[in-house]
Amino acid sequence: MKYLEQNYNNIFVYWIPELDGGGRTYGQQFVPVVERLFGKVDRIHEFCAGPGFIGFSLLAAGLCNSLCLSDINPLAVELLKATVKKNGLEDRVTVYLSNGLENIDESEQWDLVVSNPPHFREKIEKN
């Protein structure tokens, strides 16, 4: 599968259109907000990460030393791992295939959790 690339300060993030829930564009508003409210922290977790646009952009902006990324979608996790490898970030970024917090190492600790959780445009009808 051929991936598209998004560049955040020389961190190249692999992505595909089906997994862009807005993090590539409006998700970038996290950078100035995190900078203003928290400054640099040690470790950030992006929950429901998809391709990791938010987490990787925070790392690229120097707002964390390390990053944890998790998603329930195996394809998203494949993209995350490919991005980590492409950028040589194996010592700074951990990726989990996870439903909620399942499968995340119990020793994980984060200073900040960010997310752009899945959202749907269709109206969900109640029975």
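Of the 127 residues in the chain, 45% count as buried. This is a predicted model, and its overall dimensions are a convenient place to start. The radius of gyration is 14 Å, which agrees with the value near 14 Å that a compact globule of 127 residues would have. Along the principal axes, the C-alpha atoms fill a box of roughly 45 × 35 × 30 Å. The accessible surface comes to about 7600 Å², and carbon and sulfur atoms contribute 50% of that area.

Turning to the fold, the chain contains six strands and three helices. Their order along the sequence is β-β-α-β-α-β-α-β-β. Contacts across the sequence are well represented: among contacts with a separation of 6 or more, 66% involve residues 24 or more positions apart.

The chain opens with a hairpin, which can be followed residue by residue. Strand β1 (residues 4-8) runs antiparallel to β2, and five bridges join the two. Within this pairing, Gln6 of the hairpin has Val13 in β2 as its bridge partner. Two residues lie between the strands, and Asn9 takes a positive phi near 45° in this hairpin. Strand β2 is mostly covered, with four of its five residues buried.

Beyond β2 (11-15), the loop that leads to α1 (30-37) holds Gln28. Which residues does Gln28 touch, once its neighbours within four places in sequence are set aside? The contacts are with Tyr8, Gly23, Phe53, Ile54 and Ser57. For Gly23 there is also a polar approach, as its backbone oxygen lies 2.8 Å from a polar atom of the Gln28 side chain.

Charged pairs complete the picture. Side chains of opposite charge can pair when their charged atoms come close. A search of the whole structure finds three salt bridges. One of them joins Glu5 and Lys86, with the closest N and O atoms 3.5 Å apart. Glu5 belongs to strand β1 and Lys86 to helix α3 (residues 74-86), so this pair ties together parts that are 81 residues apart in sequence. Glu5 counts as partly exposed because its relative accessibility is 41%, and Lys86 counts as partly exposed at 40%.

Another salt bridge is formed by Arg24 and Asp20, where the closest N and O atoms are 3.0 Å apart. Both ends can be placed on the accessibility scale: Arg24 is partly exposed, with a relative accessible area of 28%, and Asp20 is partly exposed, with 22%.

The side chains of Glu108 and Arg43 also meet in a salt bridge, at 2.9 Å from N to O. This pair links distant parts of the chain, 65 residues apart: Glu108 sits in the loop between β5 (93-97) and β6 (112-115), while Arg43 sits in strand β3 (residues 41-47). Are these two residues buried or exposed? Glu108 has a relative accessible area of 15% and is therefore buried. Arg43, at 11% relative accessibility, counts as buried too. The cut-off behind these assignments is a relative accessible area under 20% for buried residues, with partly exposed residues falling between that value and 50%.

Methods
Residues are numbered from 1 along each chain as its sequence is written. This is a predicted model: local features need pLDDT of at least 70, side-chain atom pairs count only at pLDDT 80 or more; totals for chains, interfaces and linings use all residues. Side-chain values use heavy atoms; hydrogens and water are left out. A polar contact is a pair of N or O atoms within 3.5 Å; within protein, one must be able to donate a hydrogen and the other to accept it, and residues adjacent in sequence count only if both atoms are side-chain atoms. Contact means heavy atoms within 4.5 Å. Buried means under 20% relative accessible area, exposed over 50%, partly exposed in between (1.4 Å probe, protein chains only). Two strands pair if DSSP finds at least two bridges between them. The radius of gyration is taken over C-alpha atoms; the globule rule is 2.2 Å times the number of residues to the power 0.38. Accessible areas come from the Shrake-Rupley method with a 1.4 Å probe; for residues, only the protein chains shown count as cover. A salt bridge is a side-chain nitrogen of Lys or Arg within 4 Å of a carboxyl oxygen of Asp or Glu.
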